[in-house]
Amino acid sequence: MDFGSFLTQVCGSQRWAMAQGQGGYRVEVPTEVGRSQVVNVSQGRDPDGRSLAWIWSVVCETTGIGDPYYLLRLNADLPYGALAVRDNHVVLTETQLMETADTEEVMRAIFYVAKYADDLEKQVYGNIDRN
């Protein structure tokens, strides 16, 4: 099964809205009543050339974080994903090796990237749903 079909199957099983965009897919994941988080999923390769799903979501702008070491400390406790800086944004990112991935583990990775990114977004912006 190709990457897009696999992702369509994952999103369809959860009734998540998915759209193909430039460089990958955007998935809107409900995280709690009245809130959702956009998760980006694109195909990449590991150093050995094996197919990966790169799953990431924007948390906030880097200017929203007063203590960058706080983010590093959070990484030690996250069961899914890791916090990073991309351009001028803090992102939560996760990768999945596609040759061994099943729909359950990719679904969980997408959901928890969305959930944790949304939780951190609330810490920065309050109840304003920005992503």
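**Core, ring pairs and selected residues of the predicted model**

With a relative accessibility of 35%, E32 falls in the partly exposed class. That value comes from a predicted model, as does everything that follows. E32 belongs to strand β2, which spans residues 24-32. Its side chain takes part in a polar contact of 2.8 Å with the side chain of K122. A second relation involving this glutamate is one of separation: E32 and E99 are 67 residues apart along the chain, and their C-alpha atoms are 31 Å apart.

From this partly exposed position it is a natural step to the interior. The largest nonpolar core comprises 33 residues, and V41, L83 and I110 are the members with the most contacts inside it. At least two residues of this core come from each of α1, β2, β3 (35-45), β4 (51-61), α2 (68-75), β6 and α3 (103-125). Helix α3 provides the largest share, with nine residues. I110 deserves a closer look here. Leaving out residues up to four places away in sequence, I110 touches L7, V10, W16, V27, V29, V39, V41 and I55. One of these partners, V41, is itself among the residues with the most contacts inside the core.

A polar residue also merits a place in this account. S57 is located in strand β4. It is classed as buried because its relative accessibility is 0%, and the cut-off for that class is under 20%. The side chain of S57 makes a polar contact of 3.0 Å with that of Q37. Q37 appears again in the wider list of contacts: beyond neighbours within four places in sequence, S57 is in contact with Q37, V38, V39, V90, V91, L92, V113 and A117. V39 is thus a contact of S57 and is touched by I110 as well.

Aromatic rings form another layer of the picture. The model holds five aromatic pairs. One of them joins F3 and Y25 in a tilted arrangement, with 6.2 Å from centre to centre and 45 degrees between the planes. This pair connects distant parts of the chain, since F3 sits in helix α1 (residues 3-14) and Y25 in strand β2, 22 residues apart. F3 and Y25 are both buried. Elsewhere, Y80, F111, Y112 and Y116 are linked by ring pairs into a cluster. A charged group also meets a ring: R86 lies over the face of W56, at 4.4 Å from the ring centre.

Backbone geometry offers two final points of interest, both in loops. R15 is a residue other than glycine with a positive phi, near 60 degrees. R15 is found in the loop between α1 and β1 (17-21). Its relative accessible area is 78%, so R15 counts as exposed, for which the cut-off is over 50%. D87 likewise is not a glycine, yet its phi is positive, at about 55 degrees. The loop that holds D87 runs between β5 (82-86) and β6 (89-97). With a relative accessibility of 72%, D87 is exposed too.

Taken together, the residues described here cover three accessibility classes: S57 is buried, E32 is partly exposed, and R15 is exposed.

Technical notes: Residues are numbered from 1 along each chain as its sequence is written. This is a predicted model: local features need pLDDT of at least 70, side-chain atom pairs count only at pLDDT 80 or more; totals for chains, interfaces and linings use all residues. Side-chain values use heavy atoms; hydrogens and water are left out. Helices (H or I, at least four residues) and strands (E, at least two) are DSSP runs, numbered from the N terminus. Buried means under 20% relative accessible area, exposed over 50%, partly exposed in between (1.4 Å probe, protein chains only). A polar contact is a pair of N or O atoms within 3.5 Å; within protein, one must be able to donate a hydrogen and the other to accept it, and residues adjacent in sequence count only if both atoms are side-chain atoms. Rings of Phe, Tyr and Trp (its six-membered ring) pair if their centres lie within 6.5 Å; planes under 30 degrees apart count as stacked, over 60 as edge-to-face and the rest as tilted. A charge sits over a ring if NZ of Lys or CZ of Arg is within 6 Å of the ring centre and within 35 degrees of the ring normal. A nonpolar core is a set of buried Ala, Val, Leu, Ile, Met, Phe, Trp, Tyr and Cys residues joined through side-chain atoms within 4.5 Å. Contact means heavy atoms within 4.5 Å.
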